Structure formats: C-alpha cells, structure tokens
Amino acid sequence: MDFITHLEKYLSKEDIQNLLVSIEKDRVTSFILNLNKIDKNKLFSLYPHISEFKDLPNCFTYSKQEYELGKSYLFNNGAIYIMDISSQLVPHFLKINDNDLVLDMCAAPGGKTICLALKNKNCQILANDISYERAKILSSNIEKVGLKNVTVISNDFTKNSGDFIGKFDKILLDAPCSGSAMFRKQDDVKKDWTYEKVKKLSAIQKDLLEHAYIMLKDGGDIMYSTCSFSFEEDEEVILEFLNKHNDVETIPLLPLKGFYSSNSLKDGVHIFPHLFNSEGQFFCLLHKKGELKTNDFKINKKIKKIHIKELDKYNLDFKYIELIDESIYGYDYDFNLKHIPTLRKGVLLGEFNKSNFKPSFNLAHFLPSSNSIELNEEEYKSYIKGETISKKLNIENGYYVVSYNKINLGFIKYVNGIMKNLYPKGLRH
C-alpha cells in the first residue's frame, strides 16, 4: 500500500492533498526557553525578531536564515532547547503535580523530558531510552539544561515492567514510529517509509502501551504520542487499547485552532502542517480510573549521604549526595533501579579520585550564575576554543564557574592568575 492510499483510512481526498502540499513547504523552527538561565527581556534584546507562541509557555519561533540558534551559546549552554511546537504540545497537555513520579519511556534526545522537568521542578522523572547510545545523547542534553529532577537510564521495559507495577503517576510514551510527520524535516525518513514498516511499528506501539499500563498507578495518566500520520500507529493503537481495558478513558484536551480529530477518536489530536503552523504530531491523553495515591519521598537509609568539603561553597540542597565508582551525584529521589543501566542520577557533581575532587560540567550548568566569574566577549571566545586565559583576580586558587552574559559556560581551575580551561573538548570550537 502506498502512502496516499493508506491515509484514506481516515482522511478525505481534500485533506490528503492539502497535507501533501504542506509537506513540501519550509518547516517552522522553534525552541523552548529555560527561564532558570535567561529571562524573556534578555532574550528579545539578543534576538529582537523572534516571536512568542502565545498558546505555549516560553515557546518561541524564529527564522533559521536570520538566526543560527543551533550554533549559539544559548543553545550550547542550555538556555534554550530547539524543538518543534508540535512536540512541545505533548508534554504541555500532560499535567504534572508536585511529587509526581513520571516515566518518559522513549525519551531520547530529551526534548519532552526537558519540557516536563522545567514545567514542574518538584516532580521526579525517570527518562529512558532502550538504545544506550541514544541515552547518552539524552543525558548530555539534560546536563546542558542543568536539571536536578531527572534520572537517565537505558532499559527495555517490555522485559521488566513487572518490576515497576503501579509505580508511576504519569507516563509519557512518545512511541517509536514510521516518522511520516517528519517528512519535511528529514528527507531520509520519507525515502525510508513503507506500509510494512508502519504495520511492524504499530505492533511495537501496542506492546509498549500495554507495558505502560502495567507501570501506571490507578488514577494516573498516560500521554501517548507519535510523529506519524498513520491511522495504524495512532487511532488504531488507542482504540484497541481501550477495548482491552475498560478502566481506561480518554481525556478531552483544550482545543487550539488547527487541531484535527478523526471521527473514530474524538479525543485524539493530529497536528497537520496545513492546519497548524508546525510539524506533524499525534497525541492522546489516557486516564486510568481509580484513586491516585500521592507519593511521600522518604529517605532511603541504605544510601549514605557523603560529605565532600569542596562542595560546601555551593550551598547544595540534595537529599542524597552519593559516590558511585568515582562519580558524585546529587539527587532527591531514589528510584531503586536494581540492575538497570543508569547513566545519571540527578546532577553529576564531579569526580572524586584519590581524595581529589574535580567539579563536573553538569554542576556548572546546574548552579546559578550569581557567583560565577563573568567573561568578556574576547575571553568568552578564548574559553570556548579551550584556550588558557590570563586574568589577575583577588581569589584563592581553585575551581570556579565562568559565565558569559550571565549564562554559565563551565569550570576553570584558577592558579596564580591563570585560568586553566576545563570546557569539554567535544564542545570546543
């Protein structure tokens, strides 16, 4: 079955034609703003021609021809995260409360996790990707943004969801899909599309949703989403799931101008580029009936909180500061992950080797810029190249955060008027 024919399952010929035309047009570029690092007034002073998308908090659109934000220090240091409007809508409609335990099942590269974590600093998020390599990218993006409330793992929940029965208040399942809603963003996805791939992925999506159900608390919510236009990956997955579980219902979402819902699933939302000025997306919010019991984040007494005197000056407020191998992590909730590969628990504070402490890049991006050493433009350019900087300062020798325009860049080691550069080699340019 070809692409056009398979759309006829739920779309009119007029809608299909309009959709095909929109796929060939230029895409809209957008980002989410991290208010922990920069405010809107400062943002507009740097980029006066960006536009705020009023229906989403801290969402902005811009022209790639005018601004190369993907190469900017704002992006490289977590003040903004480039992400489609349609993708930002998915976590926007998943209500997160204080002390919620949230699972992002297929989280890489991390945009939706970042949205959730910025939305509520008092929830705890377990961000997962089955691919360890993709989980490393996820962890890196979490690191740049400077998030405290995210644990990053690489796990196949289809093999061990029983270990997490009724564990999570909210689950985001952005399922692996054929990617047809990304055609105008990624041309290789269009070339790779087949109906056989759609059917194969539909089976995987149905299986993942069943495992999400197992891990969801009574009274909890699942946000299911794909970047596919296929009925088989969207409505069909939800409808079959609802037929199996009479204790689950869909939740109507506040409609925005341009939302599209098919007749078979009124509460499912399609984002089509010809109706809504963004890339494609499908999402549907599911509610598991029952009384939701609130969490009490109790201290796990088996984990001994260690003291590293070099960290005292940062006034860190973590329930746990734990040494794992040679890495020191600060976090507030223990997910008790047993043998699941864990890449990051909260904030990587630094490395501790033979009684010597070295702070991490992650810590620099978690800390406020108020106590940093502010670099001028020339010093900033030298720093991101990895160069040593000479600067006489009235401070003791040791590690310090440096910033530019009040956005933290990383650490230096100050020794007698010399700033030894600790900016990660992979980011230098």
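**Exercise 1. Name the buried residues of helix α6 in this predicted model.**

Solution. Start with the list. In α6, the buried residues are Gly-111, Lys-112, Thr-113, Ile-114, Cys-115, Leu-116, Ala-117 and Leu-118. Next, set the list against the helix. Helix α6 spans residues 111-119, and 8 of its 9 residues are buried. The helix is therefore mostly covered, taking buried as under 20% relative accessible area.

**Exercise 2. Place Ile-153, classify it as buried or exposed, and relate it to Thr-113.**

Solution. Find the element. Ile-153 belongs to strand β7, residues 150-153. Then check the cover. Its relative accessibility is 0%, so Ile-153 counts as buried. Last, compare sequence with space. Ile-153 and Thr-113 lie 40 residues apart in sequence. Their C-alpha atoms are 13 Å apart. Thr-113 is itself one of the buried residues of α6.

**Exercise 3. Work out which strands pair with β17, and how.**

Solution. Take β15 to begin with. Strand β15 (residues 327-331) pairs with β17 (residues 347-353) in the antiparallel sense, over 4 bridges. Within this pairing, Ser-327 has Glu-351 of β17 as its bridge partner.

Now take β18. Strand β18 covers residues 356-359 and runs antiparallel to β17, joined by 4 bridges. Here Asn-353 stands opposite Asn-356 in β18.

Finish with the connection. β17 and β18 form a hairpin with 2 residues between the strands. In that hairpin, Lys-354 has a positive phi near 55°.

**Exercise 4. Give the strand order of the open sheet of 5 strands and explain what sets its edges apart.**

Solution. Write the order: β19-β21-β22-β23-β20. The pairing is mixed. Then look at the ends. β19 (373-374) and β20 (389-390) stand at the edges. Each has a single partner strand, so one side of each is left without a neighbour in the sheet.

Go inside the sheet. Strand β21 (residues 398-404) pairs with β22 in the antiparallel sense, over 7 bridges. One facing pair is Tyr-399 and Lys-413, the latter in β22.

**Exercise 5. Locate Lys-413, judge its exposure, and find which charged patch it joins.**

Solution. Locate it. Lys-413 sits in strand β22, residues 407-415. Judge the exposure. Its relative accessible area is 33%, so Lys-413 is partly exposed. Test it for a patch. A patch residue needs over 30% relative accessible area and no salt bridge. Lys-413 is in such a patch: it gathers with Lys-358, Lys-420 and Lys-425 in a patch of positive charge on the surface. Of these, Lys-358 falls within β18, residues 356-359.

Notes:
Residues numbered from 1 in each chain as written. Predicted model: local features only at pLDDT ≥ 70, side-chain atom pairs only at ≥ 80, totals over all residues. Heavy atoms only, no water. Patch = residues over 30% accessible without salt bridge, like charges linked within 9 Å, V, L, I, M, F, W, Y side chains within 5 Å. Areas by Shrake-Rupley, 256 points an atom, 1.4 Å probe, with all protein chains shown as cover. Salt bridge = Lys/Arg side-chain N within 4 Å of Asp/Glu carboxyl O. Lys, Arg positive; Asp, Glu negative; His and termini not counted. Charge placed at Lys NZ, Arg CZ, Asp CG, Glu CD. Buried < 20%, exposed > 50% of the residue type's maximum accessible area, 1.4 Å probe, protein only. Pairing = 2+ DSSP bridges.
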